Amino acid sequence: VHQRLCAISASFRSSAGRQQIVKLMDIGVISVRYARALIKAALGMKLEDQVYQEMQTLFKSYIDVPELRFTIDNPMLSKDKKEALLITALGKEPTELSKKFIALVLKEDRESTLQFMAASYITLYRKQKNIIRGKLITATAVDASTEDKMRKMVEQRTKGTVEFKTEVNPELIGGFILEYDTYRMDASVKTKLNNILTQLKK
């Protein structure tokens, strides 16, 4: 940790480091500004849920297809081709609002920050709707009934809507790990065994 802090301090001292930090701060400010304008328009048109799905799809497209960023950032590629590509990245039958948003971003030469705008919209939407993200990790796949019970339990505790995700990790051996918000409950066999082994070594 000390080494990382030293490296960050060094980056602050260097001119290039300061410029990079300022650039990242600018990207954050710009992204939130555009995302706020989009969610305001979406709420006014009662399209916030559809736009949320589209921004999730767009964000995931950037993650799943790394070439997308390089292509969109290419100054040699025409705006029309970029627009067609980004509309495809929104998913099937995107709303006119999202299409117009893409067109606006391209018109104002802000396409390099589009991924961050999508992420900002997702964050703002979840805050607006009081949505908590939850994850259940198990050694083997669970059925829909078990997943639903865990989701309802988290919703009762958080008094919010839960976006639940399941993950299979055979290394757990048995049991489960439940994560939501800042809470983590580890009831896996692997952790229990490791705790017992640690006690035996003392």
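**Salt bridges and strand pairs**

Tutor: Because Lys-152 and Asp-148 lie four residues apart in helix H8 (residues 144-158), about one helical turn separates them. This is a predicted model, in which local features need pLDDT of at least 70 and side-chain atom pairs count only at pLDDT 80 or more, while totals for chains, interfaces and linings use all residues. Residues are numbered from 1 along each chain as its sequence is written, and side-chain values use heavy atoms, with hydrogens and water left out.

Student: What makes the contact of Lys-152 with Asp-148 a salt bridge?

Tutor: The term requires a side-chain nitrogen of Lys or Arg within 4 Å of a carboxyl oxygen of Asp or Glu. The closest N and O atoms of Lys-152 and Asp-148 are 3.2 Å apart, so the pair meets that limit.

Student: Why is Lys-152 called partly exposed?

Tutor: Buried means under 20% relative accessible area and exposed means over 50%, with partly exposed in between, using a 1.4 Å probe and protein chains only. Lys-152 has 47% relative accessibility, and therefore counts as partly exposed, and Asp-148, at 28%, also counts as partly exposed.

Student: How do you know that Glu-48 and Lys-129 form a salt bridge, and which parts of the chain does the pair link?

Tutor: Their closest N and O atoms are 3.0 Å apart, which satisfies the limit and therefore makes the pair a salt bridge. The pair links distant parts of the chain, since Glu-48 is in helix H3 (residues 48-64) and Lys-129 is in helix H7 (residues 114-129), 81 residues apart. A helix here is a DSSP run of H or I with at least four residues, a strand is a run of E with at least two, and both are numbered from the N terminus.

Student: Is Glu-48 buried or exposed, and what about Lys-129?

Tutor: Glu-48 has 12% relative accessibility and so counts as buried, whereas Lys-129, with a relative accessible area of 30%, is partly exposed.

Student: How many salt bridges does a search of the whole structure find?

Tutor: The search finds 15 salt bridges, including the one in which the side chains of Asp-64 and Lys-60 meet at 2.6 Å, N to O.

Student: Why are strands S3 and S4 said to pair?

Tutor: Two strands pair if DSSP finds at least two bridges between them. S3 (residues 176-180) and S4 (residues 183-186) have four bridges in the antiparallel sense, so they qualify as a pair. Tyr-180 stands opposite Tyr-183 in S4, and in the hairpin of these strands, which has two residues between them, Asp-181 takes a positive phi near 50°.
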